Amino acid sequence: MRAHECEREIRLLVNNISVPFMGGDAAILEKAEKKLYRAGVRGAVLHISKKSVDARHKTDIRFVASVIAVLPAGTRCNASFLEREGIRELETTALQIRKGTGRLAAPPVVVGMGPAGLFAALLLAREGYHPVLIDRALTLTEAGYRPLVLERGEDIEFRHQKVNEFFETGTLLEDCNVQFGAGGAGTFSDGKLLTRINDGRCAYVLEELCRFGAPEDILTKAKPHIGTDVLRLVVDNILKEIVRCGGVVRYRCRMDDFTEYPDGTFSVATTQGTLRAGALFLAPGNSARDTFLLLLNKGFSMQQKPISVGVRIEHLRADIDRMCYGNAAG
């Protein structure tokens, strides 16, 4: 097949770029560029998509990476040469966020302030229309939906204080602990930001986490990790953005019941009184058994989710590094 000019911008995925760990990102990009050159591609814009450490051989610790090459329209490429080098076109999985146009009779209510609730509230606060009362008439202004976010637990700082108190004394606050409060259970055990699916929402979430203070290396690491100390700052920054966009955050506010009306609005009973909602988004997390019981009693269809239970064993970092990386430890 002869070389031809690309009629549109093309994104290529260059996999299995392996370099010695001392080489770093520069060596990865250089090797990817050479592979593209052999495939007849010139002038591509390169950036690292994923990077992991191959420590199977302690005397030869390496980085293994995937690189995305962006070819502008008009770039010459040869499909058979690309195939020979194992380079394939990458289908776009970018998240397309469609701005809301629905006219809500009242602001939406988001129940729960874990990852799902935070991102739902963030998107609602940024996109769509919100109702504004002007001269006793309901007028729609193009802006965010101004969500009301409910959390049965406490804010980051108070929650951090009470969690430490629980670890030291065993005194437990039922609605403010490792499970409940701003950021959800992940605030104190974020685990690894891993998933096996190729979905635009994954990149969107990681990019937003970086925007609000997470380290940029989570965008490329095969096993990204933020850490509790930084994650507390990230959650706080997301909440500040929701408020800046017109949203409202209420702590110590547990949803106890709700009623849906024929016009699509809701009445939401909480520990701080009854609210009216133009839409209701439930993100209660795994531990809100009372919420699940409420939904079950109301006849909602429910499906069990697999739960992973693990054991955490702590060792000195120096010992782990030496075990994983041998003489390259540190």
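## D54 and its partner R56

D54 is buried, at 13% relative accessibility. The cut-off for buried is under 20%, so D54 falls inside that class. This comes from a predicted model, and every value here is computed from that model.

D54 pairs with R56 in a salt bridge. The closest N and O atoms of the two residues are 2.8 Å apart. R56 has a relative accessibility of 67% and counts as exposed. This bridge therefore joins a buried acid to an exposed base.

## Other salt bridges

Side chains of opposite charge can pair when their charged atoms come close. Across the whole structure, a search finds 21 salt bridges. The D54 and R56 pair is one of the bridges described here.

D319 and R322 form another, at 2.6 Å from N to O. Both residues belong to helix 8. They sit three residues apart, which is about one turn of the helix. D319 is partly exposed, with a relative accessible area of 37%. Elsewhere, salt bridges with shared partners tie R152, D175, R254, D256 and D290 into one network.

Within that network, the side chains of D256 and R254 meet at 2.7 Å, N to O. D256 is partly exposed, with 37% of its relative area accessible. R254 is also partly exposed, at 25%.

## Around R254: T271 and R252

Which residue has its C-alpha atom 5.5 Å from that of R254, though 17 residues away along the chain? The residue is T271. T271 lies in the loop between strand 13 (266–270) and strand 14 (273–277). At 41% relative accessibility, T271 is partly exposed. R254 thus has a salt-bridge partner in D256 and a C-alpha contact of 5.5 Å with T271.

R252 belongs to the loop between strand 11 (248–250) and strand 12 (255–260). R252 has a positive phi, near 55 degrees, and is a residue other than glycine.

## A second positive phi: N16

N16 also has a positive phi, of about 55 degrees, although N16 is not a glycine. R252 is in a loop, whereas N16 is in strand 2, residues 10–20. N16 is exposed, with a relative accessible area of 63%. The cut-off for exposed is over 50%, so N16 meets it.

## Pairs separated in sequence

V234 is in helix 6, residues 228–244. Is V234 buried or exposed? V234 counts as buried, at 1% relative accessibility. V234 and F212 are 22 residues apart in sequence. Their C-alpha atoms are 5.2 Å apart in space.

V45 gives another such pair, with I68. These two are 23 residues apart in sequence and 8.1 Å apart in space, C-alpha to C-alpha. V45 is found in strand 3, which covers residues 45–54. D54 is within that residue range too. V45 counts as exposed, at 51% relative accessibility. The cut-off is over 50%, so V45 qualifies as exposed.

## The cavity

Rolling a probe the size of a water molecule over the atoms shows where empty space is left. How many cavities of 30 Å³ or more does the structure hold? It holds one. The largest cavity has a volume of about 50 Å³.

The lining of the largest cavity is made by K162, V163, F166, T171, L172, L173, C176, N177 and V178. Six of these lining residues are nonpolar, two are polar and one is charged. K162 is the charged one, because Lys counts as charged. T171 and N177 are the polar ones, because neither Thr nor Asn is among the nonpolar or charged types.

## A nonpolar surface patch

F292, L293, L296, F300 and M302 make a nonpolar surface patch. The patch covers about 460 Å².

F300 is in the loop between helix 7 (289–297) and helix 8 (317–325). Helix 8 is also where D319 and R322 lie. F300 is partly exposed, with a relative accessible area of 42%. Patch residues need over 30% relative accessible area, so F300 passes that cut-off.

Conventions:
Residues are numbered from 1 along each chain as its sequence is written. This is a predicted model: local features need pLDDT of at least 70, side-chain atom pairs count only at pLDDT 80 or more; totals for chains, interfaces and linings use all residues. Side-chain values use heavy atoms; hydrogens and water are left out. Patches are made of residues with over 30% relative accessible area and no salt bridge: like charges are joined within 9 Å, nonpolar side chains (Val, Leu, Ile, Met, Phe, Trp, Tyr) within 5 Å. Accessible areas come from the Shrake-Rupley method with a 1.4 Å probe; for residues, only the protein chains shown count as cover. A salt bridge is a side-chain nitrogen of Lys or Arg within 4 Å of a carboxyl oxygen of Asp or Glu. Helices (H or I, at least four residues) and strands (E, at least two) are DSSP runs, numbered from the N terminus. Buried means under 20% relative accessible area, exposed over 50%, partly exposed in between (1.4 Å probe, protein chains only). On a 1 Å grid over the protein atoms alone, a cavity is a set of points where a 1.4 Å probe fits but cannot get out, and a pocket is an open set with protein on both sides within 12 Å along at least five of seven lines; lining residues have an atom within 4 Å of a point. Grid points are joined across faces, edges and corners, and a volume is the space filled by probe spheres set on the points.
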